[in-house]
Amino acid sequence: MRGPRWGLALAIGAGVLATDQLTKAIVEHSMTLYQSIPILPGFSLTYVRNTGAAFGMLAGAPSAFRLPLFLLVTAVAIWALIAYLRATPSHRRALVWALGGILGGAIGNFICRMRYGEVVDFFHLHYSGWSWPMFNVADSAISVAVAIVLLESLRGGAAEPRNEPATTAR
């Protein structure tokens, strides 16, 4: 696991993971469960625990089923992301960044599930009677990074470096 793509992906992943874990710790230690602090119109910090997956899916499923399933799916996803990263050329920097972001976010939420059996969420977007499901830094990184991966997949290998022929002096 050498090369510039590994260093870049690990740096991005570690940054996402550290930011995610730090913000979750701050929320846990400075807020009470379900406490909400308005930040801007339509945006609050609201401390919740999410037992489900994305958007609370399977939150009502029995924990004996839900937790092992989520841990298994996350472990398989991490393995698949590492395999994808191994196959990604170093010059596809946006894709390498994105894969690092997804890995950092996946590991951040994996740590929460291992520690608590649920994930700490706190970003809350809302307007009038509308409310987006709450999320955290890991979720944000994963969402942005998946969008980048999708855009990069549409581009394909368009950003391949040119191998200019070497010039020789006479």
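Is Trp130 buried, partly exposed or exposed? With a relative accessible area of 46%, Trp130 is partly exposed. The close-up views below walk through this predicted model, one neighbourhood at a time.

**Figure 1. Helix 1 and its packing partners.** Let us start with helix 1, which covers residues 4–30. Its 27 residues should span 39 Å at 1.5 Å a residue, and the end C-alpha atoms are indeed 39 Å apart, so the expected and modelled spans agree. Several residues of helix 1 are buried, among them Trp6, Leu8, Ile12, Val16 and Val27. Charged residues are on the buried list too, including Arg5, Asp20, Lys24 and Glu28. Which elements do the buried residues of helix 1 pack against? They meet strand 2 (43–50), helix 2 (63–87), helix 3 (93–116), strand 3 (119–127) and helix 4 (137–155).

**Figure 2. Aromatic rings in pairs and in a cluster.** The structure holds 4 aromatic pairs. In one of them, Phe123 and Phe135 are tilted, with 5.4 Å from centre to centre and 55° between the planes. Phe123 belongs to strand 3, while Phe135 sits in the loop between strand 4 (130–131) and helix 4, so this pair ties together parts that are 12 residues apart in sequence. Both of these Phe residues, Phe123 and Phe135, are buried. Trp130 and Trp132 make another tilted pair, at 6.3 Å centre to centre and 45° between the planes. Trp132 counts as partly exposed at 38% relative accessibility, and Trp130 is partly exposed at 46%. Look also for the aromatic cluster formed by Phe43, Phe122, Phe123 and Phe135.

**Figure 3. Asn109 and its neighbours.** Here we turn to helix 3, where Asn109 lies. With a relative accessibility of 11%, Asn109 counts as buried. Which side chain does Asn109 join through a polar contact of 2.9 Å? The partner is Lys24, one of the buried residues of helix 1. Leaving aside residues up to four places away in sequence, Asn109 touches Asp20, Lys24, Val119, Asn136, Ala138, Asp139 and Ile142.

**Figure 4. A salt-bridge network that includes Arg49.** Side chains of opposite charge can pair when their charged atoms come close. In this model the count comes to 5 salt bridges. One of them joins Glu28 and Arg49, whose closest N and O atoms are 3.3 Å apart. Glu28 is in helix 1 and Arg49 in strand 2, so the bridge ties together parts that are 21 residues apart in sequence. Glu118 also forms a salt bridge with Arg49, the closest N and O atoms being 3.2 Å apart. Because Glu118 lies in the loop between helix 3 and strand 3 and Arg49 in strand 2, this second pair ties together parts that are 69 residues apart in sequence. Together, Glu28, Arg49 and Glu118 are linked in a network of salt bridges. How accessible are its members? Glu28 is buried at 19%, Glu118 counts as buried at 18%, and Arg49 counts as partly exposed at 25%. Arg49 has an aromatic neighbour as well: Arg49 lies over the face of Tyr116, 4.2 Å from the ring centre.

**Figure 5. A salt bridge within helix 4.** The last view shows Glu152 and Arg155, whose side chains meet in a salt bridge of 2.7 Å, N to O. Both residues lie in helix 4, 3 residues apart, which is about one turn of the helix. Glu152 is buried, with a relative accessible area of 7%, whereas Arg155 counts as partly exposed at 41%.

Key. Residues numbered from 1 in each chain as written. Predicted model: local features only at pLDDT ≥ 70, side-chain atom pairs only at ≥ 80, totals over all residues. Heavy atoms only, no water. Helix = DSSP H or I, 4+ residues; strand = E, 2+ residues; numbered from the N terminus. Expected span 1.5 Å × (residues − 1). Buried < 20%, exposed > 50% of the residue type's maximum accessible area, 1.4 Å probe, protein only. Contact = heavy atoms within 4.5 Å. Phe/Tyr/Trp six-rings, centres within 6.5 Å; stacked < 30°, edge-to-face > 60°. Lys NZ or Arg CZ within 6 Å of the ring centre and 35° of its normal. Polar contact = N/O pair within 3.5 Å; in protein donor to acceptor, adjacent residues only side chain to side chain. Salt bridge = Lys/Arg side-chain N within 4 Å of Asp/Glu carboxyl O.
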